[in-house]
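The following note is offered to a colleague who is meeting this structure for the first time. Please read the numbered points alongside the sequence and the model.

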Amino acid sequence: MELIGVDIGGSHISAAKIYLGSNSAEFQDFHEADVDTFGSKESIISAWSEIIKKAAGNATDIEIGIAMPGPYDYGKGISLIKDQGKMASLYQLSVKNLLAESLGIISSRISFTNDAEAFLLGESFAGAGRDFGNSIGITLGTGLGSAIKTQDIVKDAKLWTAPFREGISEDYLGTAWFKKYVAQNYGLEISGVKDLLNKEFDIEISRRVFETFGSTLGEFLFPYLVENKAEGVVLGGKISLACEYFLPATQSYLENMGYPVPINISELGERSALIGASL
């Protein structure tokens with residue numbers, strides 16, 4: 001039987017054959033594509049199936065593990081996403097059954113995992129989290145993804161909605177925060193974190209923004225690290241690619257609070273979810 005790992009996002013899908021070893025994984029026939037998930041259920045399912053079929057190749061005896069953002073009924077494979085625009089046409093439908101029909105396999109051969117869970121599972125199995133018994137996985141990007149690992153159990157932490165300062169944590173730990181903070185404090189317009197790294201951008205402003213973000217991340221992490229007796233943090237997502245600019249402030253905050261822990265950057269990148277969904 002061939003194991004196919006799949007990672008589905010709001011506008012993207014990637015898939016590959018996964019070969020699991022002892023704390024290692026190999027990929028073959030990796031394929032990815034952008035997908036317009038504002039379309040009809042038929043067009044979305046068709047686009048996803050096409051990439052999965054490419055990854056499967058000539059294999060017919062396959063098992064598919066899919067990492068998917070929430071909200072979702074992961075056991076039944078039913079989408080509960082309705083207010084984000086993306087994937088709206090799949091709301092309350094069994095994506096598991098729709099994909100099974102499109103791929104010509106029985107639905108029991110398809111399983112779903114929360115994408116943040118899959119990220120931490122993959123990194124814990126074969127990446128940056130392999131040395132941690134208890135850990136917290138955070139993905140920083142347009143939104144905030146989170147998962148908590150306690151020994152061999154990994155669960156979606158759903159911390160993006162956790163009360164934080166004057167709102168929720170995602171208000172302070174995503175792309176939107178950078179745009180809002182820079183506009184309010186410096187009267188400048190940026191499209192995202194990449195703009196702060198542009199050679200033409202004021203390096204002093206960039207430094208201050210990243211330091212503020214890093215301290216905020218530390219403030220956010222601290223109570224959850226203590227509560228879960230975490231030995232470390234695994235950080236992923238596109239914002240983590242700029243970690244050298246903000247992590248020193250994060251680690252300084254945690255040291256000052258008396259809970260310094262390693263913060264490891266994802267070793268597997270987007271492929272961590274493919275592994276996690278396949279375990």
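**Notes on the predicted model**

1. Ser 135 belongs to strand 8, which covers residues 134-140; strands (E, at least two residues) and helices (H or I, at least four) are DSSP runs numbered from the N terminus. The model is a predicted one, in which local features need pLDDT of at least 70 and side-chain atom pairs count only at pLDDT 80 or more, while totals for chains, interfaces and linings use all residues. Residues are numbered from 1 along each chain as its sequence is written, and side-chain values use heavy atoms, with hydrogens and water left out.

2. Is Ser 135 buried or exposed? Its relative accessibility is 1%, so Ser 135 counts as buried; buried means under 20% relative accessible area, exposed over 50%, and partly exposed in between, with a 1.4 Å probe and protein chains only. Residues beyond four places in sequence that Ser 135 touches include Leu 120, Ser 124, Lys 149 and Gly 232, where contact means heavy atoms within 4.5 Å. Tyr 224 is 89 residues from Ser 135 along the chain, and their C-alpha atoms are separated by 9.8 Å.

3. Lys 149 lies in strand 9 (residues 144-150). Lys 149 is buried and has no salt bridge, that is, no side-chain nitrogen of Lys or Arg within 4 Å of a carboxyl oxygen of Asp or Glu. The nearest side chain of opposite charge is Asp 152, 5.1 Å away; Lys and Arg count as positive and Asp and Glu as negative, with His and the chain ends not counted.

4. Which backbone oxygens lie 2.9 Å and 2.7 Å from a polar atom of the Lys 149 side chain? The first distance belongs to the backbone oxygen of Phe 132, and the second to that of Gln 151. Leaving aside neighbours within four places in sequence, the contacts of Lys 149 include Leu 120, Ser 124, Phe 132 and Ser 135.

5. Asp 7, in strand 1 (residues 2-8), is also buried without a salt bridge. The nearest side chain of opposite charge to Asp 7 is that of Arg 271, at 9.7 Å. Beyond four places in sequence, Asp 7 touches His 12, Ala 67 and Glu 270, among others.

6. For the chain as a whole, there are 8 helices and 14 strands. Buried residues account for 47% of its 279 residues. Among contacts between residues at least 6 apart in sequence, 62% join residues at least 24 apart. The C-alpha trace spans about 55 × 40 × 35 Å along its principal axes.

Key:
Polar contact = N/O pair within 3.5 Å; in protein donor to acceptor, adjacent residues only side chain to side chain.
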